[in-house]
Amino acid sequence: MEEKEVLVEVKDLKKYFKVGRKSILKAVDGLNFNIYKGETLGLVGESGCGKTTCGRTVLGMYPASGGEVIYRGINISKGSEKDKRDFTRKAQIIFQDPYASLDPRMTVGDIIGEGIDIHSIYQGQERTNRIFELLELVGLNKEHASRFPHEFSGGQRQRIGIARALAIEPEFIVCDEPISALDVSIQAQVVNLLIDLQRRLGLTYLFIAHDLSMVKHISDRVGVMYLGKMVELTTSAKLYEKPLHPYTQALLSAIPIPDPEIERQRKRIMLEGEVPSPINPHPGCRFAPRCKYAMPECSTTDPEFKEVEPEHFVACHLFNNK
Amino acid sequence: MVSLNKDKFKIIGYDEKELESISRPNIGYWQDAWRRLKKNKVAMISLIILIIVIIMCFIGPALSHYDFTAQDYDFLDKTPSFAHLFGTDNLGRDLFVRTWKGGRVSLYIGFVGTLVELIVGCLYGGIAGYFGGKVDMLMMRVIEVIASVPYLLVVILLLLVLPKGVNTLIIALCITGWVGIARLIRGQVMQIKSLDYVLAAKALGAKPMRIILKHELPNTIGLILVYMSMDIPAFIFDEAFLSFLGLGVQPPATSWGALIFTGQGVMTNHPHELIIPTVILAITMLAFNLLGDGLRDALDPKLRQ
Amino acid sequence: MGKLLEVKNLRVSYHTYAGEVQSVRGVDFSLNKGEALAIVGESGCGKTVTAKSLMKLIQTPPGEIKEGSAIYFDGKDVLKMKSDELMELRGSEISMIFQDPMTSLNPTMKVGNQIGESLMIHRGMSKNEAFAEAVKMLELVNIPNADKRANQYPHEFSGGMRQRAMIAIALACNPQILIADEPTTALDVTIQAQIMELIKDLQVKLGTAVILITHDLGIVASVADKVQVMYAGKIVEKGSRDDIFYSAEHPYTWALLKSVPRLDTKHKDLLYSIKGTPPDLVFPPVGCPFAARCEYAMPICKEEMPEVTTISEHHQVSCWLKHEYAPKIVKPEGIGGAV
């Protein structure tokens with residue numbers, strides 16, 4: 001294994017929200033993982049699992065309720081204002097909703113140029129050139145700079161959002177469900193663009209999505225989240241070949257495959273019930289109520305998130321004594 | 001059946017450049033809003049009526065050779081005629097001139113009052129909405145206290161204490177009126193604050209001032225315009241009402257409300273002195289309201305087809 | 001077996017500020033009793049408009065179902081029905097479930113009553129009878145504690161349960177056709193699997209024909225008997241499920257099949273993607289709508305609409321590549337044999 005440089009370290013990250021007077025929504029409850037330079041780390045899970053909150057907390061958009069985020073050795077969570085500002089230039093985000101992520105009153109050129117303006121990187125003609133360069137980088141035309149967001153399709157708007165994020169030359173980009181709102185063939189366009197940009201510019205991605213097939217395709221490693229906890233983390237190949245956590249197994253089994261023969265022959269693992277609420281969660285493993293392998297200790301103690309095989313982390317009592 | 005030429009069956013694929021071009025004309029937000037407004041006949045008629053009224057208020061008095069205070073005892077309470085287009089009042093003053101002079105006062109109160117309210121309300125609501133939390137809570141409690149005081153009481157008390165006049169009237173009306181727009185702006189600011197494009201700006205490192213000026217404000221202007229078009233007639237009416245109570249503009253200066261007040265006194269014998277200013281006031285207010293409705297529809301992004 | 005539903009030359013337009021948007025431009029298809037038809041396509045292709053037309057749910061204005069369109073349900077033309085006949089049809093013979101369960105249920109009415117509503121309208125049941133039947137429907141859609149749940153309001157249900165409630169409402173009068181418009185797009189994948197299993201199950205139990213509108217080819221593979229692919233208001237290909245997945249003939253279908261990453265595709269390969277975006281339907285292209293984005297486009301494609309070629313009993317495609325003058329091309333890998 002070549003020596004991999006750690007770009008982002010997430011240590012025991014917690015993000016809680018107060019709901020009403022007594023309830024606490026534990027959106028993210030103790031995450032531990034690293035992101036290596038140049039890789040794409042995928043983060044999957046269903047609604048309420050906390051993956052979006054995780055992405056935004058890592059970026060510092062939400063102040064963490066506990067734990068820390070360390071970027072290139074500098075503790076961002078407890079850092080100075082200057083550290084936080086430097087981090088802003090290195091770490092950017094792409095949003096899910098192409099219709100809400102662009103200010104409808106600004107031209108595309110100004111939207112892309114906002115980062116340049118805030119940090120005063122270029123002025124005048126240089127700024128214009130840079131904006132044109134970014135537009136072409138994402139597959140759009142120079143003429144589009146004077147147009148408004150409503151004139152573009154969803155896929156094109158996502159590309160504008162990508163251009164905006166790239167304008168200040170970040171190293172690390174959090175992709176927060178960037179393709180969920182797009183049509184299938186457009187999803188492929190955007191994903192291809194992201195893969196291409198990663199190769200050209202040496203970017204590192206945290207790719208958050210609920211479509212496991214797409215995440216597996218673009219990610220080097222994948223983390224599976226459930227109700228604020230990470231239940232499994234490994235390379236995307238291993239996740240598919242040998243999912244260890246019962247939730248991961250159920251998730252993989254639920255994904256429909258566009259091939260009638262395979263669909264006919266599949267044996268589905270059907271999960272009973274619904275995803276419970278992350279407000280005031282019960283002690284013990286969060287997945288226990290729906291898990292068919294549940295044991296008594298699952299309802300009382302939180303399983304430890306540990307490396308049970310090389311590069312393969314799981315949080316499950318089934319692997320306690322192996 | 002079209003005859004098919006074999007040449008037309010060679011594979012040529014697609015043109016990449018053409019793919020990303022946009023066929024519809026470049027149309028900005030305001031142009032699009034204006035276009036939608038133009039289609040709304042009612043709103044356009046209202047706009048034209050308002051423009052006519054405003055022009056008349058400016059040039060009306062100049063059109064007539066009568067001075068608005070000139071009293072002509074030979075022509076008391078005359079009904080409309082060629083000499084006096086709107087007739088005369090009980091002191092022989094030409095009502096045409098007085099109506100438009102009065103209109104200036106009413107419109108002045110309407111526009112200036114609205115503007116003052118707007119500035120105070122926007123600042124207050126903007127700050128409360130943007131910063132949220134304890135700041136917002138405190139500011140909203142203050143508003144609730146102010147809003148719970150019966151505004152008429154405040155206005156009347158102020159007018160009894162301060163020297164009567166147009167500016168006092170404006171102050172009195174604004175003192176409790178700004179609360180409405182403050183709440184509206186606060187709500188809008190809070191809503192925009194949570195939209196992705198504001199988050200994106202924050203992620204890029206934008207400071208609060210930049211977000212408020214470049215993102216929040218332009219997206220609230222539509223709302224502000226609509227509110228203004230509803231607020232101006234409200235001011236005009238309030239002034240008319242207060243003048244009706246005798247608390248408004250004092251003679252010889254006049255306003256539509258004052259005219260209605262005096263007209264009401266001689267209503268049975270000389271109805272034209274009441275009817276004319278009332279009709280003009282009513283038409284103006286209606287026009288503002290209808291224009292406001294039209295503006296709201298034209299500016300609402302959700303109604304775009 | 002007589003056809004349950006037959007659609008002929010359906011054309012629907014919307015009149016907007018920018019002009020007339022021709023959403024559906026001549027669509028023909030049919031449906032037999034108990035069959036599952038999937039209408040596949042991306043946003044703007046006209047699939048939802050087609051589905052809504054089946055019950056004449058298009059708001060006119062701004063919509064307009066053009067002269068010459070015909071929709072025969074059990075032999076009668078829906079488009080020529082009077083309003084009382086239409087009301088009889090809707091909910092009782094044909095029902096529809098929508099994408100967003102949050103906004104499709106009335107937040108101020110108990111779920112049991114919402115299910116019972118169509119029973120009261122179409123079967124003349126009393127409120128209590130309808131409510132009892134509603135509880136049975138909730139059991140049918142696998143909602144535990146059905147009697148308690150029937151007394152609850154929509155906000156007390158989760159997303160998946162609401163979708164089940166919608167299905168219960170739609171199936172209360174045992175309609176012959178259930179139209180499901182993107183029923184699982186807004187749901188989590190494990191819930192999606194549950195709902196699709198339920199629909200399949202009910203289709204067998206009740207013998208309902210299903211028209212499934214979706215862009216997710218995975219769901220199509222597990223549920224559909226017949227598939228039709230729509231693009232820019234036209235059907236470009238239709239056939240049985242196996243025809244489409246294993247012997248597709250239209251370049252757009254190939255593109256769709258190839259754009260979807262599967263759990264078994266090679267990692268970080270560039271996905272096959274179609275460049276560009278669908279055409280603006282205010283100015284629909286004269287020839288084949290897909291020509292501007294098709295890598296096999298020929299000059300004829302831009303000038304003339306392709307003829308419909310019948311490949312097998314159920315399989316038809318609308319593409320100039322099938323013409324005798326067209327060069328023979330090799331189908332992309334993984335789709336099936338060569339042309």
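This report describes a sheet in chain C, a pair of strands in chain A, and the contact between these two chains in a predicted model.

## The sheet of chain C

Chain C holds an open sheet of eight strands with mixed pairing, arranged in the order E7-E8-E9-E3-E10-E11-E13-E12. Its edges are strand E7 (94–97) and strand E12 (308–310), each of which pairs on one side only. On average, and with direction ignored, neighbouring strands of this sheet are turned by 20° against each other.

At one edge, E12(C) pairs with strand E13 (residues 316–318) of chain C through three bridges in the antiparallel sense. Within this pairing, C:Val308 has C:Ser318 in E13(C) as its bridge partner. At the other edge, helix H7 (residues 159–171) of chain C lies across E7 and strand E8 (177–181) of chain C, and H7 runs at about 170° to E7(C).

## A strand pair in chain A

In a regular strand, side chains alternate between the two faces of the sheet. Strand E6 (residues 91–94) of chain A has A:Ala91 and A:Ile93 pointing one way and A:Gln92 and A:Ile94 the other way; all are buried.

E6(A) runs parallel to strand E7 (residues 172–176) of chain A, and four bridges join the two. One bridge partner in E7(A) is A:Cys175, which is matched with A:Ile94.

## The contact between chains A and C

Chain A contributes 36 residues to the contact and chain C contributes 39 residues. Among the elements of chain A that give two or more residues to its side are helix H6 (184–201) and helix H9 (246–254). H6(A) supplies the largest share, seven residues. By type, the chain A side comprises 19 nonpolar, 10 polar and seven charged residues.

Conventions. Residues are numbered from 1 along each chain as its sequence is written. Chains are lettered from A and ligands numbered from 1 in the order in which they are written. This is a predicted model: local features need pLDDT of at least 70, side-chain atom pairs count only at pLDDT 80 or more; totals for chains, interfaces and linings use all residues. Two strands pair if DSSP finds at least two bridges between them. Axes are lines fitted to C-alpha atoms, for helices over the stretch in contact, and angles run from 0 to 180 degrees between N-to-C directions. Two residues are in contact if their C-beta atoms, placed from the backbone, lie within 7 Å. A residue is buried if 20 or more other C-beta atoms lie within 10 Å of its own, exposed if 12 or fewer, and partly exposed in between; C-beta atoms are placed from the backbone. Ala, Val, Leu, Ile, Met, Phe, Trp, Tyr, Cys and Pro count as nonpolar, Asp, Glu, Lys and Arg as charged, and the others, Gly among them, as polar.
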